[in-house]
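Student: Please take a close look at one part of this model, the empty space left inside the protein. After that, please work outwards to the chains and loops, and take particular care over the backbone.

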Amino acid sequence: MASAPQLNIDHVAHLARLALSPEEKARYAQQLGDVLHHIEQLGKVDVTGVEPTAHAFPLVNVWAEDTPRPGLTAEAALRNAPAQRDHMVVVPKVVE
Amino acid sequence: MADPISLKSIAELGALLEAKAISAVELAQAVIARTQAVEGRVHAFNSRDESGALAAAAASDARRAAGQARGPLDGIPVGLKDVIAAAGQPLTASSRMLANFVSPYDATVTARLKEAGAVLWGRLNCDEFAMGSSTENSAFGPTANPWDLARVPGGSSGGSAAALAAGEACATLGSDTGGSIRQPAALCGVVGLKPTYGLVSRYGLIAFASSLDQIGPFARTVEDAATVLGAIAGHDPLDSTSFHAEVPDYRAELKRRTGPWRLGIPKEYFGEGLDPAVGAAVEQAIAYYRAQGCEIKPVSLPHTPYCLDTYYIIATAEASSNLARFDGVRYGHRSKFATDAVDLYFKSRAEGFGAEVKRRIILGTYVLSSGYYDAYYLRAQKVRTLIRQDFLNAYREVDALLTPTSPVPAFKLGEKSDPLALYLCDIYTIGVNLAGLPAVSVPCGFTPGGLPIGLQLIGQPFQEANLLAIAQAYERGHDWVLRRPALD
């Protein structure tokens, strides 16, 4: 099946912040083209006047009291950081 | 041959512990020994903490000796799918992205199991970030089906199902976004329950698709599933989608609720693609319920043909958003080859995620992207409303719906390489997640080749007590749950 003409794999991969190899781009474009072709049949459903469902059981305004409670220590919160110094996460330079 | 002790039900083990016929330490040692004997062939676990399990078992024995045992789970070894946090334990989601991650805190379900005295045992393999139907998408290698080691255990919670079937744990937890508890339960011949959305807290569960994800138990029997559900269910202020639902004593309710029930048979669930042996086993289950005095009614869920597409739009959209947090900055894999901060995102994600996760992120990003949101995501949310309405309409006439869990029994490792073919494994389970309903898979027979078959019962919202009673009514009349795979 042909890849869906509207799926610009470079654009979508950029939006998703995913570096893809040329082989991955070709493979995903073809596979996702098949999936999108399948999904086209949703266009046949009459959804006139139908409200969208975000959650199966509608939830609105779930409030919690704004009260302090114990949290993680800095050491525990940074336990999984790839690089750290002085209780901060180290990242590549972002400004010149 | 008598079962190894680790293949007994929680109810049986509880009686043995209560009578001091065994200790919790002896039980933990038996589970560890069984795991050492079979794990090389099954590969259900990503990691195991033997000393931690033995220490928890010793604490359980001390409580029991002091007359302070905490109930039916005290001293029972329970495994967790590797997407559920347990403080101080690895949490990988079967992904290179989290290969070295250690949980800083307990998930609410983990904390509740500890409070109930359960002995937490092992981190169970799954499809990467719970995306898949075969556990072949794990970055740490596939899990084998204990009934036929050349076949998949189902997925995404394949390790949870296989470990239980192989006697490497006495109960396990999984997560179910589109069938990831029920389908592996069916393929491995155990009971698997996906609770109503909101009944069990998702706090500490690695998010895949937040409006669909739900944690639930795998167990040898319906009664055992009720025991574990009772321990983990209930409102949690740490999960804003958690409901203030009543949590009854599910085990006690099983004894009280005796039927007969009105069961609906949705005709859309018995169509093309259904394996003849699976279809025949489910037909026999229907005949059994009828013979027990249940009213069997044909019903229609007319939007069923649109479930798969609706699911793959909503689930991938939510996944692309949830997985945006894995950027190589604060935790998770960080590329060593990044040239600047933005390049760090691109390369860390490229190196950290596997093929199926990338596919779903791309699809999810696409359906949410400018110009396509209305055509895909918003339309899918509207069709979701119609799918949910189908179920609620059916429940005006029946107490529960009865269907196959999976259209096919366990398939061979590597057999389904086309993503779309794998997605079709979920056609009988995804509607339940879109509608937020509870559903359970119970063993209902074997194929001529000896592979387990699962029966799915779909209940009304928050009516788990009724659903489990209906499932147990079937289980009582059959001995499928007593059969064991030939691993010895």
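Tutor: The largest cavity holds about 70 Å³ of space, and this figure, like every other value here, belongs to a predicted model. Rolling a probe the size of a water molecule over the atoms shows where empty space is left. Over the whole structure, such a search finds six cavities of 30 Å³ or more. The lining of the largest cavity includes B:Trp147, B:Leu164 and B:Ala165, and further along the sequence the run B:Cys188, B:Gly189 and B:Val190 takes part as well. B:Arg220 also lines the largest cavity, and the list is completed by B:Val481, B:Arg483, B:Arg484 and B:Pro485.

The lining residues lead to chain B as a whole, which has 16 helices and eleven strands. For 488 residues a compact globule would have a radius of gyration near 23 Å, and chain B, at 21 Å, agrees with that value. Along the principal axes, the C-alpha trace of chain B spans about 65 × 55 × 45 Å, and buried residues account for 64% of its 488 residues.

Several places in chain B deserve a closer look, and the loop between β3 and α5 is a convenient place to begin. B:Phe129 lies in this loop and has a positive phi of about 50°, although it is not a glycine. With a relative accessible area of 2%, B:Phe129 is buried, because buried means under 20%. B:Gly154 is found in the loop between β3 (119-124) and α5 (158-165) too, and its relative accessible area of 0% makes it buried. The C-alpha atoms of B:Gly154 and B:Ile32 are 122 residues apart along the chain and are separated by 24 Å. Further on, B:Gly155 and B:Ser156 are joined by a cis peptide bond with an omega of about 10°, and B:Ser156 again belongs to the loop between β3 and α5.

Another cis peptide bond runs from B:Gly259 to B:Pro260, with omega near 0°. B:Pro260 has its place in the loop between α8 (250-256) and β7 (262-266). Helix α8 itself carries B:Leu254, which counts as buried at 3% relative accessibility. B:Leu254 and B:Ala471 are 217 residues apart in sequence, and their C-alpha atoms are 9.7 Å apart in space.

A further pairing across the sequence involves B:Tyr395, which is found in the loop between α13 (374-394) and β9 (400-404) of chain B. B:Tyr395 and B:Arg262 are 133 residues apart in sequence and 9.6 Å apart in space, taken from C-alpha to C-alpha. B:Tyr395 is buried, with a relative accessible area of 9%.

Chain A can now be set beside this account. Chain A has three helices and two strands, and from the N terminus on its elements run α-α-α-β-β. Its radius of gyration is 23 Å, well over the 12 Å that the globule rule gives for 96 residues, so chain A is more spread out than a compact globule. The C-alpha atoms of chain A fill a box of roughly 55 × 40 × 25 Å along the principal axes. Of its 96 residues, 29% are buried, and the chain exposes about 6800 Å², with carbon and sulfur atoms supplying 55% of that area. Chain A also has 8 positive and 12 negative side chains, and the centres of these two sets lie 8 Å apart.

At the level of a single residue in chain A, A:Asp86 is worth finding in the loop between β1 (84-85) and β2 (88-89). The phi of A:Asp86 is near 50°, a positive value in a residue other than glycine. A:Asp86 is exposed, because its relative accessible area of 64% is over the 50% cut-off. A:Asp86 is exposed, whereas B:Phe129, with a positive phi of about 50°, is buried.

Technical notes:
Residues are numbered from 1 along each chain as its sequence is written. Chains are lettered from A and ligands numbered from 1 in the order in which they are written. This is a predicted model: local features need pLDDT of at least 70, side-chain atom pairs count only at pLDDT 80 or more; totals for chains, interfaces and linings use all residues. Side-chain values use heavy atoms; hydrogens and water are left out. Helices (H or I, at least four residues) and strands (E, at least two) are DSSP runs, numbered from the N terminus. The radius of gyration is taken over C-alpha atoms; the globule rule is 2.2 Å times the number of residues to the power 0.38. Buried means under 20% relative accessible area, exposed over 50%, partly exposed in between (1.4 Å probe, protein chains only). Accessible areas come from the Shrake-Rupley method with a 1.4 Å probe; for residues, only the protein chains shown count as cover. Lys and Arg count as positive and Asp and Glu as negative; His and the chain ends are not counted. The place of a charge is taken as NZ of Lys, CZ of Arg, CG of Asp or CD of Glu. On a 1 Å grid over the protein atoms alone, a cavity is a set of points where a 1.4 Å probe fits but cannot get out, and a pocket is an open set with protein on both sides within 12 Å along at least five of seven lines; lining residues have an atom within 4 Å of a point. Grid points are joined across faces, edges and corners, and a volume is the space filled by probe spheres set on the points.
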